[in-house]
Amino acid sequence: VWRNGSHRICHLHAMGCSHSSAAGTRDEGEMLIVGSNGAMLLDIGGTVMTFPRDSLLHDELKGTCLAVLLHRFGDWLLTHGNGTPFVDADPDYFKWLNVKLRYLRDNRIDVSEICEGCPSAFAFYHDRFLAKT
C-alpha cells in the first residue's frame, strides 16, 4: 500500500490484480477496465484498487446488487477528477470479496462460501452488496 495524493492505492498483485492507470482502457460510457480479465479500477472508501467485476457474472451472483451496480449502472457512480468510480464502503470488505471472487474464478471454492461465509465484521456491506435484486 502506498499513498498517491490523498488516496491510498493498494497493489493487489498477490490477489490476482494490480493497479495500473496507464494500461487501462475505457469505452465511452464505461468504467476504466484494467487488464484482459475484466477487472475495473474502483475507489473504495479512499483506497483505489482493481476489482474483478466480471466474476460477478457467475450465475448465482449476477443478480446481486453489486453485480447490477457495476455492470448496468457504473456510469452513475460518483467519480473523482481522474474518473475513478467511488464506492463508499469498507475497503477491507472489498479486499476480502476480491480474494473470494478470484478463488471462485479458479474453481477453488463454491459460490456458497462467498454468500454464506462472510466474516461478521463485514456483514453490513455483505448484506447490501450481495442482496438479490
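The largest nonpolar core of this predicted model has 26 residues, and among these Phe51, Tyr93 and Phe94 touch the most other members. At least two residues of this core come from each of strand 4 (39–44), strand 5 (47–51), helix 1 (65–72), helix 2 (91–105) and helix 3. Helix 2 supplies the largest share, six residues. In soluble globular proteins, nonpolar side chains tend to be buried together.

The structure also holds four salt bridges. The table lists some of them, including one within helix 2.

| Salt bridge | Closest N to O distance |
|---|---|
| Asp54 with Arg53 | 4.0 Å |
| Lys95 with Asp92 | 3.6 Å |
| Asp106 with Arg105 | 3.4 Å |

Lys95 and Asp92 are both part of helix 2 and stand three residues apart, about one turn of the helix. Asp92 has a relative accessible area of 42%, so this residue counts as partly exposed.

In the pair Asp54 and Arg53, Arg53 is buried because its relative accessible area is 13%, under the 20% cut-off. Asp54, at 34% relative accessibility, is partly exposed.

For the third pair, Asp106 has a relative accessible area of 33% and is partly exposed. Arg105 is also partly exposed, at 41% relative accessibility.

On the surface, Glu60, Asp110, Glu113 and Glu116 form a negative patch. One of these residues, Glu116, sits in the loop between helix 3 (111–115) and helix 4 (123–129). Glu116 counts as exposed because its relative accessibility is 68%, over the 50% cut-off.

Terms used. Residues numbered from 1 in each chain as written. Predicted model: local features only at pLDDT ≥ 70, side-chain atom pairs only at ≥ 80, totals over all residues. Heavy atoms only, no water. Patch = residues over 30% accessible without salt bridge, like charges linked within 9 Å, V, L, I, M, F, W, Y side chains within 5 Å. Areas by Shrake-Rupley, 256 points an atom, 1.4 Å probe, with all protein chains shown as cover. Salt bridge = Lys/Arg side-chain N within 4 Å of Asp/Glu carboxyl O. Lys, Arg positive; Asp, Glu negative; His and termini not counted. Charge placed at Lys NZ, Arg CZ, Asp CG, Glu CD. Helix = DSSP H or I, 4+ residues; strand = E, 2+ residues; numbered from the N terminus. Buried < 20%, exposed > 50% of the residue type's maximum accessible area, 1.4 Å probe, protein only. Core = buried A, V, L, I, M, F, W, Y, C linked by side-chain atoms within 4.5 Å.
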